[in-house]
Structures are given as structure tokens and as C-alpha cells.
Amino acid sequence: MKILLPSFSSNESSARAMVSAFAAQLNPTFDELSDIKCAVSEAVTNAIVHGYRDVIGQIVISVKIYDDRSIRVEVKDKGCGIPDVEAAMQPLFTTDPDGERSGMGFTVIENFMDSLIVKSSPGKGTRVLMRKKLSPLPVKR
Ligand SMILES: Nc1ncnc2c1ncn2[C@@H]1O[C@H](COP(=O)(O)OP(=O)(O)OP(=O)(O)O)[C@@H](O)[C@H]1O
Ligand SMILES: [Mg+2]
């Protein structure tokens, strides 16, 4: 699935709902689905509030499901980019000047998903790739 959204803040909940609906075909547990929704929210919010801070740009969300019951979500923006990705991924690191953010978004994603890869070029944009393998379905008798 591929979703293209303008970076209006209202689209954070749209993105979360669409990814959640797509992931539902895997019959995830309630907790697994909550984790995926939270991780998507964090990545999309980052694209909106940091990547496209003073502009409206396009966010591209690609979701793929694999035979081993893993789900991969990629959130891409063509915003300002991150100068130092390693520093940005540290807990409590934030560049938010208004004190509204806690710098925990990437940490939340790392905790809720099995893997997180962030690739970014200043001035070009950011790609956030996350993956989670869901638990096996219960065997029916
Ligand atoms: N898509 C992005 N484009 C540009 N900068 C980003 C992007 N995503 C994250 N960042 C940078 O990485 C920092 C850390 O992101 P993280 O989500 O961990 O914390 P936060 O967004 O500042 O706070 P929180 O997510 O807790 O509200 C951000 O403050 C910002 O500087
Ligand atoms: Mg954040």
C-alpha cells in the first residue's frame, strides 16, 4: 500500500487509521496494532512538525506485508532533513524551540517496533523505515 498525503496536521490521524486498517489483514493482537499505530503516528508527526516545519509538503507512506507475518512501514518526506541522525535518535533529544516536544518519538518507535532505520539528508528529506514481526496466529482445532 502506498499513501500520499499533504503535511496537514489533521493527516496524522488519517495516516494512522489507514495503516491500521491495512495491518488488520494480519489479525494482529490489540497490543501489536496499538504499537504499529503509535509508531506510525510518531514518524508522520515528525514529518509534519519537523520536516515541513513552515511549509506544506508531501508525505509518502509505503506499507508492505511479508509471508513471515512482518509488516514494514516507510514514512518519507522531502523536508529539511536531519543533520545528525545518531544524535536525533537519542532519548530526550529535540530541536523543538517551543518546549512542546519531549524528544521521545524515535525512542517510542524503537520500543514498539522490531527495527528502526532513519536515513536523512539535510535539505533533501528523511526516510524512516520500521519493521515488526507479528506473533503466530493461534492454531485452530
Ligand atoms: N522527518 C524529520 N525531518 C526533520 N527532522 C526530524 C524528522 N524527524 C525527526 N527529526 C529531528 O529529530 C528530533 C528527534 O525526534 P523525536 O521524534 O525523537 O523527538 P521530537 O519530535 O523532538 O519530540 P516528540 O516526538 O517526543 O514529540 C526532532 O526534534 C527533530 O530535530
Ligand atoms: Mg517526534
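1. Start with where ligand 1 sits: in this predicted model, ligand 1 is found in the largest pocket. That pocket has a volume of about 560 Å³, so keep it on screen while you read on, since a probe the size of a water molecule, rolled over the atoms, shows where empty space is left.

2. Now look at the walls. The lining of the largest pocket is made up of 27 residues, and those nearest the centre are Asn-46, His-50, Ile-82, Thr-95 and Phe-106. Four elements give two or more residues each to this lining: H2, strand S3 (70-77), H4 and strand S5 (125-133). H2 has the largest share, with six residues.

3. What classes of residue line the largest pocket? The count is 11 nonpolar, 10 polar and six charged residues.

4. Next, turn to the ligand's own surroundings. There are 20 residues around ligand 1, and the closest are Asn-46, His-50, Thr-94, Thr-95 and Met-104. Asn-46, His-50 and Thr-95 may look familiar, as they are also among the residues nearest the pocket's centre.

5. Which helices each supply at least two residues of the shell around ligand 1? They are helix H2 (30-51) and helix H4 (105-112). H2 provides the largest share here, five residues. By class, this shell holds seven nonpolar, 10 polar and three charged residues.

6. Zoom in on the polar atoms. In Thr-95, a polar side-chain atom is 2.5 Å from an oxygen atom of ligand 1. With His-50, an N or O atom of the side chain lies 2.7 Å from an oxygen atom of the ligand. Gly-51 uses its backbone instead: one of its backbone N or O atoms is 3.3 Å from a nitrogen atom of ligand 1.

7. How much of ligand 1 does the protein bury? On its own, ligand 1 would expose 600 Å², and the protein buries 94% of that.

8. If you want a quick tour, try this order. Find H2, which gives six residues to the pocket lining and five to the ligand shell. Then pick out His-50, whose side chain has an N or O atom 2.7 Å from a ligand oxygen, and finish at Thr-95, with its 2.5 Å distance to an oxygen atom of ligand 1.

Methods
Residues numbered from 1 in each chain as written. Chains lettered and ligands numbered in written order. Predicted model: local features only at pLDDT ≥ 70, side-chain atom pairs only at ≥ 80, totals over all residues. Heavy atoms only, no water. Near = heavy atom within 4 Å. Polar contact = N/O pair within 3.5 Å; in protein donor to acceptor, adjacent residues only side chain to side chain. Areas by Shrake-Rupley, 256 points an atom, 1.4 Å probe, with all protein chains shown as cover. 1 Å grid on protein atoms, 1.4 Å probe; cavity = no way out; pocket = protein on both sides within 12 Å on 5 of 7 lines; lining within 4 Å. Sits in = over half its atoms within 2 Å of the grid points. Nonpolar A, V, L, I, M, F, W, Y, C, P; charged D, E, K, R; others polar. Points joined across faces, edges and corners; volume = space filled by probe spheres on them.
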